[in-house]
Amino acid sequence: MATPLKIISRLLLMMTVVTGCSSRTGYVIGGPRSGPLTRSADIVIVDHGNPHDYHVIGRVHAHTKAPKWLPCLLQSQDELLDRLKMEAALLHAEVIFDIKRYSRSQFEWQEEHLMGTAAIIIDKRAGDAP
């Protein structure tokens, strides 16, 4: 029969393994411009934009990591895009373009990364981001 101390230590170890097995982070490179905050829902992902139409204000990154035996802990591509938008909103960006995706894995870990360029539109036309 297990003692209460052994049971508690096993539960703590299992909780540490489960909660420490996945991570979701993001970061920005660049400084925010002045003005009102941009809502992440208002940021547009641009597939084939001309870089000359934008003023780059930073780079945004989002990634997720989980053990290979628990792939359900990885964020989906849509969740990573939402995270990119949240990071771009911190910079007061209007668009994200040049999105790159890459993944890495080792024997026990699997990672997914998205990186993009956050920018504002130089010459706004009808239908452009706010």
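Reply: Let's start with a term: a helix is a DSSP run of H or I at least four residues long, and helices are numbered from the N terminus. With that in hand, E79 can be placed in helix α2. Please keep in mind that this is a predicted model.

Me: Thanks! How many helices and strands are there in the protein, and how do the elements run from the N terminus on?

Reply: The protein has two helices and five strands. Reading from the N terminus, their order is α-β-β-β-α-β-β.

Me: Let's stay with α2. How many residues does α2 have, and what span does α2 reach from its first C-alpha to its last?

Reply: The idea is to compare the span with the value expected at 1.5 Å a residue. Helix α2 has 14 residues and covers 20 Å between its first and last C-alpha, close to the expected 20 Å.

Me: Which residues of α2 are buried?

Reply: Here a cut-off helps: buried means under 20% relative accessible area, and exposed means over 50%. An α-helix has 3.6 residues a turn, so residues three or four places apart point the same way. In α2 the buried residues are L80, L84, K85, E87, A88 and A89.

Me: And E79: what is its relative accessible area?

Reply: E79 has a relative accessible area of 40%, so it counts as partly exposed. Its C-alpha is 9.8 Å from that of H63, and the two residues are 16 apart along the chain.

Me: What should I look for just after α2?

Reply: Look at the backbone angle phi, and check whether a positive value falls on a residue other than glycine. Just after α2, H92 has a positive phi of about 65 degrees. H92 sits in the loop between α2 (77–90) and β4 (95–105). It counts as buried because its relative accessibility is 7%.

Me: Which residue in strand β4 has a positive phi although it is not a glycine?

Reply: That is D98, with a phi of about 55 degrees, and its place is in strand β4. D98 has a relative accessible area of 34%, so it is partly exposed.

Me: How many aromatic pairs are there, and which residues form them?

Reply: To read such a pair, take the distance between ring centres and the angle between the planes; under 30 degrees counts as stacked. The count comes to one aromatic pair. Y54 and F97 form this stacked pair, with 5.2 Å from centre to centre and 25 degrees between the planes. The pair links distant parts of the chain, 43 residues apart, with Y54 in strand β3 and F97 in strand β4. Y54 is buried at a relative accessible area of 13%, and F97 is buried at 10%.

Me: Is strand β3 largely enclosed or open, and which strand does β3 pair with?

Reply: Count its buried residues: β3 (residues 54–67) has ten of 14 buried, so the rest of the structure largely encloses this strand. β3 pairs with strand β5 (residues 109–121) in the antiparallel sense, over 13 bridges. One example is V56, whose bridge partner in β5 is A119. You can also look at K65, which lies over the face of W109 at 4.7 Å from the ring centre.

Me: What about the protein as a whole: what share of the residues counts as buried?

Reply: Of its 130 residues, 32% count as buried. The accessible surface is about 8500 Å², and 60% of that belongs to carbon and sulfur atoms. Among contacts between residues at least 6 apart in sequence, 78% join residues at least 24 apart.

Key
Residues are numbered from 1 along each chain as its sequence is written. This is a predicted model: local features need pLDDT of at least 70, side-chain atom pairs count only at pLDDT 80 or more; totals for chains, interfaces and linings use all residues. Side-chain values use heavy atoms; hydrogens and water are left out. Buried means under 20% relative accessible area, exposed over 50%, partly exposed in between (1.4 Å probe, protein chains only). The expected span of a helix is 1.5 Å times one less than its number of residues. Two strands pair if DSSP finds at least two bridges between them. Contact means heavy atoms within 4.5 Å. Accessible areas come from the Shrake-Rupley method with a 1.4 Å probe; for residues, only the protein chains shown count as cover. Rings of Phe, Tyr and Trp (its six-membered ring) pair if their centres lie within 6.5 Å; planes under 30 degrees apart count as stacked, over 60 as edge-to-face and the rest as tilted. A charge sits over a ring if NZ of Lys or CZ of Arg is within 6 Å of the ring centre and within 35 degrees of the ring normal.
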